[in-house]
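Hi,

Here is the model I said I would pass on. Have a look at it first, and then my notes below should be easy to follow.

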Amino acid sequence: MIWLVRGLAFVLAGLVGSVACVALNRISPLSALLGQHLLGLPLAGALLWFGSASLRRVTTLGMTWRSAAARCFWSAMGVCLLSPFVYFWHGAPSVDYLTLNFVVFNLSSAVFVCNANRLIFWLAEFYGDRMLATLARGSELFCYSTLSFAVGACVVGSWIVATREGMSMGAAVDLMLSSFWPWLVAVGMAPVCITAALIWTAKAISLERFESLVGGVRPENRN
């Protein structure tokens, strides 16, 4: 139970930290010149990595839990190792190597967010909490649909622009990203924020159960 609460707390801190880095980078008037706020992403990725490693140590919730925790761990590792490339790509988005790492970073982030919702679902099933399980399932479906819509809209829009304007696909993608980048960031951050709220709820429930468990084994509570 200690590893469970600790893991949820660090994962929550990593998600909130990543949202804060991206939000500050979009709000600050210096973000277009420096993008220094993105330097906090490696720390957020490290928190996600440590939290996922803690959740992997919880072995009493069944094989499905362990499988989802393993996927979270490896995707969090990818987020942590690739997060510095977000800052470098922000300064030189035309470099193919940086773009490739940035794309893989986003894929790793999407896998992590989706599997984090799956973890909360299996935790709710273990607790027998139908409300939390319903919220987790709905959040997971929202993440899949939102991320699929963002990727699909970008691909279809780029193809239409490339066909009508006679541009290359790479140039059309760059045009789409430059034109709709704030909207894509908002769409991408929505599943992260909802997942963070869900993890906060799961952490509170787990902490309450942990406190009741500790209180139940105190000497003054024994017959």
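Of the 223 residues in the chain, 39% are buried. Keep in mind that this is a predicted model. The accessible surface of the chain is about 12,100 Å², and carbon and sulfur atoms account for 71% of that. The fold has six helices and zero strands, so the pattern along the sequence reads α-α-α-α-α-α. If you take the contacts between residues at least 6 apart in sequence, 70% of them join residues at least 24 apart.

Two of the helices got a quick length check. Helix 2 covers residues 41-56, and its 16 residues should span 22 Å at 1.5 Å a residue; the end C-alpha atoms are 22 Å apart, so the two agree. Helix 4 runs over residues 96-127, which makes 32 residues and an expected span of 46 Å. Its end C-alpha atoms are 47 Å apart, and that agrees as well. After helix 4 comes glycine 128, with a positive phi near 75 degrees.

Helix 2 is a good place to start looking. Its buried residues are Leu41, Ala44, Gly45, Leu48, Gly51, Ser52, Ser54 and Leu55. What do some of them touch?

Start with serine 18, which sits in helix 1 (residues 2-27). Serine 18 has a relative accessible area of 15%, so it counts as buried. Setting aside neighbours within four places in sequence, serine 18 is in contact with Leu41 and Ala44, and also with Val192. Its side chain also reaches the backbone oxygen of leucine 15, at 2.7 Å.

Helix 3 (residues 63-91) holds serine 83, and valine 79 is in helix 3 too. Serine 83 is buried because its relative accessibility is 1%. Beyond its neighbours within four places in sequence, serine 83 is in contact with Leu41, Pro42 and Phe105. Valine 79 has a relative accessible area of 6% and is therefore buried. Not counting residues up to four places away in sequence, valine 79 touches Gly45, Leu48, Phe105, Ser108 and Ser109. Valine 79 also lies 8.3 Å from alanine 46, C-alpha to C-alpha, with the two positions 33 residues apart in sequence numbering. Put together, Leu41 is a contact of serine 18 and of serine 83, while Phe105 is a contact of serine 83 and of valine 79.

Now for a residue of helix 2 that is not in the buried list: is phenylalanine 50 partly exposed or buried? Phenylalanine 50 belongs to helix 2, and at 41% relative accessibility it counts as partly exposed. Apart from neighbours within four places in sequence, phenylalanine 50 is in contact with Arg6 and Phe10. The C-alpha atoms of phenylalanine 50 and glycine 7 are separated by 7.3 Å, although the two are 43 residues apart along the chain.

One last spot, this time on the surface. Val156, Trp159 and Ile160 form a nonpolar patch there, with about 310 Å² of accessible area together. Isoleucine 160 is in helix 5 (residues 130-165), and its 34% relative accessibility is why it counts as partly exposed.

Cheers

Terms used:
Residues numbered from 1 in each chain as written. Predicted model: local features only at pLDDT ≥ 70, side-chain atom pairs only at ≥ 80, totals over all residues. Heavy atoms only, no water. Helix = DSSP H or I, 4+ residues; strand = E, 2+ residues; numbered from the N terminus. Expected span 1.5 Å × (residues − 1). Buried < 20%, exposed > 50% of the residue type's maximum accessible area, 1.4 Å probe, protein only. Contact = heavy atoms within 4.5 Å. Patch = residues over 30% accessible without salt bridge, like charges linked within 9 Å, V, L, I, M, F, W, Y side chains within 5 Å. Areas by Shrake-Rupley, 256 points an atom, 1.4 Å probe, with all protein chains shown as cover. Salt bridge = Lys/Arg side-chain N within 4 Å of Asp/Glu carboxyl O. Polar contact = N/O pair within 3.5 Å; in protein donor to acceptor, adjacent residues only side chain to side chain.
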